[in-house]
Amino acid sequence: MRDRFDLVIAGVGGQGNLLLSRIIGETALRSNIDLQISETFGAAQRGSAVVSHVRLGKSYSPVVPFGMAQALLALEPAEALRQSHFLAPDGLALVNIKPIMSVEVLSGRATYPSLEVIRNLLSKLTSDLHMFDAQGLAVEAGDPRTVNLVMLGALDACSVLPFRTENLRNSISSLVPSNMIEVNLKAFDLGRVALLRLVKLEPSDSALLS
Amino acid sequence: MVPLERTLTASAVGERALLMTNQAIARAAIEAGVKIVTGYPGTPTSEIIETLALVADSLGIHVEWAVNEKVGLEIASTAAIAGVRGMTVMKHVGLNVASDILMVLGLSGVNGGMVIVVGDDPGGWVSQNEQDSRLFARMADLPMFEPSTPQEALRMTLRAFELSERLKLPILVRTTLKVSHSSGIVTLGPIAKSKTKGEYVKDTSRYYVADVVAQARHEWQHKQMQQARAILKSLNLNPLYLKKSQKLGIVASGAAYNYAAEAVRNLNLQHKVALLKVETSHPLPDDKMKKLLRSTKELLVVEETEPLMEDHLRMLSYELPQGHHAIIHGKRDGALPETNELSYEIVASRFSRLTGVRQRQNKVESDARLAIAEAVPPRGWTLCAGCPHIGTFYALKMLARKTTKGRIANLGDIGCIGLAALPPLENVDSSFCMGSSIAQASGLAYAGVDLPIVASIGDSTFFHSGITPLIDAVVNNAHVCILICDNETTAMTGHQPHPGIGVSATGKSTRKVEIEDVVRAIGVEHVETTNSFDIIETYRAIDRALKHDGPSVVISKGRCAEITRREARKLGAALLSFVVHSEKCKGAACMVCIREFGCPAIIWNGASGKAAIEPSLCVSCGLCADVCVFRAIGPGLSS
C-alpha cells in the first residue's frame with residue numbers, strides 16, 4: 001500500500017453499505033493500520049443514498065476530499081455516478097450493474113440513465129472501470145442481500161487493500177450473524193473470482209493482478 | 001473480533017477498538033461510572049443511548065428514552081444533585097426543549113458529575129435548522145467541550161464528568177453530524193467506580209432557586225466559571241501549534257478543525273501556518289487566542305455554524321494595542337460562508353487563496369462532471385413501501401378533494417409524517433418543531449381561517465410535546481381535527497420505543513400509555529381510532545371528525561412497514577407481494593396508483609404501459625388494492 005488508501009462506498013439504504021466499512025475497518029484495526037470512517041446516512045428509512053468513506057493510513061478528516069479516492073465501490077450504478085466526484089482520475093471503480101430505481105424514477109418524474117450511458121460517463125473519469133452483475137452472483141451465493149460481500153470480494157481481488165484475503169474473511173466471519181457466515185463468504189469468493197475473470201478479459205488491466 | 005457489548009464493558013486498559021464517536025461517548029460514560037442516562041431520539045446522537053442500552057443491565061446503569069429532552073435533563077441532573085453521575089443526550093433542537101431547566105442548573109449546581117451531550121446539525125440535513133449549541137453554553141454560562149474525533153470524544157466526555165464533579169456544574173459536550181457519525185480507533189481506559197446510591201439532602205439555599213437565592217447563586221456560578229477557566233488552562237487543552245515565522249494563523253474546532261488540519265497537510269503549510277485547535281467552546285482559551293492574535297498578521301477562523309470564536313477574537317483584539325494584532329477573517333468578512341456546513345474543499349480553497357499555495361488539484365474534465373450531474377437521477381426521501389402514513393394521507397387528500405376542492409390546512413409535525421408533504425401525496429403543509437402542529441392549528445382556527453383545519457402528528461411526537469397544546473385546544477374549544485398517526489414506533493430516528501409501545505429502552509416490557517386514553521382524559525369529546533391500512537374507514541373517520549364542532553381526534557393506527565419487514569426477516573418468513581392484473585390495468589390513461597398514491601413498491605412498466613408491483617419492496621399491506629377502482633390490484637398467490 002502507498003502510505004494512504006481512500007475508498008468511497010456508494011449505495012442505497014438497505015444494501016449493507018455500513019457493514020462493508022465495518023469489515024474493512026475491523027481488518028485495519030487488527031492489522032495495526034490507522035483508519036477513519038465517515039458514514040452519511042439520512043433517516044432510518046430505506047431507499048435513500050448512503051455513502052461511506054474509509055480512509056486507511058494517517059488522515060485528519062474522515063471525509064475523503066473530492067478527486068482523492070483511489071477506489072470507488074458502487075453497490076448500485078446510479079450511485080456510482082452520484083459519488084463519482086470523489087474518485088481520483090483513473091482510480092479503480094467497481095460497479096454493480098443492477099439498478100435500484102428511486103421513487104422519482106418509478107413515478108415517472110425522473111429518468112434513470114441506461115447502463116451504457118453510465119458506463120460512458122464513468123469511463124470519462126477512469127479507464128480502470130469494471131461493471132458487473134454482483135446481484136446475480138449474490139443470488140448464486142444463496143441470498144440477494146449479499147451483494148455487498150460480492151463487491152467486497154471484487155475489491156479484494158484487485159489487490160489494492162493492504163491486508164490479506166484471509167484477514168478479510170476472518171472479519172466477515174466475526175461480523176455477520178453466525179447463520180449467515182457461509183453465504184456471505186461464498187458471496188465474497190464469487191465476487192473475487194468474477195473480478196479476476198473480468199480482468200483477464202481486459203488485458204489492459206492485467207497489471208492489477210501482479 | 002470483539003462484539004460491541006464486550007468492548008463497552010471491557011476493563012482491559014489500553015485495548016484498542018473501532019468505535020463511532022457516539023459509541024466512544026457511551027464508553028466514556030461507562031468509564032466514568034455513570035449511573036443514570038437519559039435521552040430523546042434524534043439524529044445525530046441516537047446511537048449513544050442505543051449503545052448504552054445494550055449493557056445497561058449488566059452494568060447497573062439506568063438507561064431510558066425520556067418522554068422529551070426537558071424531562072430527560074431534569075431526571076439525569078437531579079440524580080446528579082443526589083450525588084450519582086448522570087448524562088443526558090439530545091440533538092441541538094432538543095436543547096431548546098430542555099433549555100428551561102438548563103438555565104437553572106448553573107445556579108443550583110449538581111453534586112455528582114453531570115454531562116449533557118448535544119449533537120448539532122450544520123446544514124440542517126436532518127433537522128429544521130442548523131442552530132449552534134455553543135451559543136447555549138454561553139447563555140447558560142456552562143463549560144462546553146467540542147471533540148473532533150472518536151478518541152477525543154471519549155477523552156473529553158470523561159474529563160467532562162470529572163470537571164463537572166469538581167466544579168459542581170453540569171458540563172456540555174458538543175458534537176456535529178460529521179463528527180458523531182465518524183469512526184476511528186479508540187484506546188480504552190479504566191472503568192471508574194463511582195457512587196451508585198444517591199442521597200437527598202434538603203438545601204433550600206441551593207435548590208429553591210428564586211429571588212435572593214437566584215442572586216446569590218448567580219454570583220456563585222460566576223466564581224465557579226472563574227475556577228473553570230483556571231482549571232481548563234492547567235489541563236493544557238486547546239493545543240496551539242505556533243512558530244515565530246508564521247504570519248497566518250488558523251483557529252478551528254470540531255469537524256472544521258479536521259478539514260483545516262487536512263488542508264494544512266495537503267497544501268504543505270505546516271511551516272507557514274499556525275494552528276489553534278479549540279477544544280473548549282466555552283470558556284474559550286483567551287490566553288492562547290491573544291498569543292495568536294499578537295504573533296500573526298492574519299487569522300482565519302474556521303467554525304460551524306455561527307461566528308462565535310471569530311467575534312470573541314475581535315473582542316479580544318480590542319484589549320491589544322492597535323496595529324499589534326492580526327486581521328481577523330471568517331464569516332463576518334465573507335472569507336467563509338455564513339451558513340451551511342463547511343467542507344474540506346471550502347476550507348482548502350480559502351487556505352490556498354490566503355497563502356498563495358496552489359492546490360494540487362486532480363484535473364477532471366468539467367464537461368464530464370456536468371454530464372454526470374445531469375444524468376444522476378434524484379433519490380430523495382420518501383415514505384417507505386407499505387407505510388401506514390400513505391394510507392392515512394391518501395384518505396385525507398381524497399376527502400379534501402371531495403369536500404373542499406382540495407383546500408384544507410394540514411399543519412404537519414416532525415418525523416416521518418412530514419414526508420407526506422412530498423409528491424405525489426403533497427398533503428402535509430408545514431413542519432416547524434416537535435409538537436407544534438396542534439397549537440398551530442388552534443392558532444389558525446382562532447384567527448378565523450375558513451378552511452377545514454387539521455394537525456397531523458406522529459405518536460412519539462404526541463407524547464413528546466403534543467399533550468399540552470391538546471389541552472389548550474380543548475379548553476378553548478378550537479375547531480380543529482388532530483390526526484395522530486400512530487405507527488407504533490419512533491420511526492424516523494431508527495425505531496426507538498416510546499411511552500405508547502410498552503417496551504423500555506433496554507427492551508423490557510413496561511406499562512403502556514394508550515394514546516386514546518390520554519386524549520379522552522384530556523376531555524376531547526370526539527375521538528375515533530381507525531386502521532391506517534383501511535382507506536375508506538380512515539376517510540370516513542376524518543370526515544366525521546372535521547364535522548364535529550370543537551376539537552376532535554382521529555388516531556390512525558398502523559404499524560411501521562419497516563418493523564413488519566424486519567420481523568418477517570427475523571422469522572425467515574417471505575412476505576407475499578400484491579400483484580397488478582395487467583389485463584384490468586388502464587395504463588397511461590389512469591396511473592392513479594403512481595401519480596396520486598405513490599407507494600414506492602408500485603412501479604411503471606414502460607414496455608407494457610402498465611403498472612406493476614416490485615415484489616422485493618411489497619409488504620402486502622393491501623392499500624393499493626383499495627386505491628385501484630378498476631380492481632386491477634390484488635394479493636398475489638406466491639412471492
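Me: What makes a stretch of chain A count as a helix or a strand in the order of its elements?

Reply: A helix is a DSSP run of H or I of at least four residues, and a strand is a run of E of at least two. In this predicted model, the elements of chain A, read from the N terminus, follow the order β-α-β-β-β-α-β-α-α-β-α-α-α-α. Chain A has 8 helices and 6 strands.

Me: Why is chain A called as compact as a globular protein of its length?

Reply: The globule rule gives 17 Å for 210 residues, and the radius of gyration of chain A is 16 Å, close to that value; chain A is therefore as compact as a globular protein of that length. Along the principal axes, its C-alpha atoms fill a box of roughly 50 × 40 × 35 Å. Of the 210 residues in chain A, 56% are buried.

Me: What makes strand β16 of chain B largely enclosed by the rest of the structure?

Reply: A residue is buried if 20 or more other C-beta atoms lie within 10 Å of its own. In β16(B), residues 453–458, 6 of the 6 residues are buried, so the strand is largely enclosed by the rest of the structure. The two faces are both covered: B:I453, B:A455 and B:I457 are buried on one side, and B:V454, B:S456 and B:G458 on the other.

Me: How do you know that β15(B) and β16(B) pair?

Reply: Two strands pair if DSSP finds at least two bridges between them. Strand β15 (residues 409–411) of chain B is joined to β16(B) by 3 bridges, and the two run parallel. B:L411 has B:A455 in β16(B) as its bridge partner.

Me: What makes the sheet one that takes strands from chain A and chain B?

Reply: The open sheet has 8 strands in the order β6(A)-β5(A)-β4(A)-β1(A)-β3(A)-β2(A)-β8(B)-β1(B), with mixed pairing. Between the chains, β2(A) pairs with strand β8 (residues 182–187) of chain B in the antiparallel sense over 3 bridges, and A:S38 stands opposite B:S182. Within chain B, β1(B) and β8(B) are antiparallel over 5 bridges, with B:R16 and B:T187 as bridge partners.

Me: Why are β6 of chain A and β1 of chain B called edge strands?

Reply: Each of these strands, β6 (129–132) of chain A and β1 (16–20) of chain B, pairs on one side only. On average, neighbouring strands of this sheet are turned by 20° against each other, direction ignored.

Me: Which elements of chain A give two or more residues to the side that touches chain B?

Reply: The contact takes 52 residues from chain A and 47 residues from chain B. The elements of chain A that give two or more residues include α1 (17–30), β2 (35–40) and β5 (87–96). The largest share, 5 residues, comes from β2(A). By class, the side of chain A has 26 nonpolar, 18 polar and 8 charged residues.

Me: Why is the packing of two helices described by two values?

Reply: Two packed helices are described by the angle between their axes and the distance between the axes. For α2 (residues 21–31) and α3 (residues 46–59) of chain B, the axes come within 8 Å and cross at roughly 35°. The crossing of α2(B) past α3(B) is right-handed. Among the residues that meet are B:I25 and B:A26 in α2(B) and B:I48 and B:L52 in α3(B). The residues of this contact divide into 7 nonpolar, 3 polar and 1 charged.

Key: Residues numbered from 1 in each chain as written. Chains lettered and ligands numbered in written order. Predicted model: local features only at pLDDT ≥ 70, side-chain atom pairs only at ≥ 80, totals over all residues. Rg over C-alpha atoms; globule rule 2.2 N^0.38 Å. Buried ≥ 20, exposed ≤ 12 C-beta atoms within 10 Å, placed from the backbone. Axes fitted to C-alpha atoms, helices over the stretch in contact; angles between N-to-C directions. Left-handed = near helix turned anticlockwise from the far one by under 90°. Contact = placed C-beta atoms within 7 Å. Nonpolar A, V, L, I, M, F, W, Y, C, P; charged D, E, K, R; others polar.
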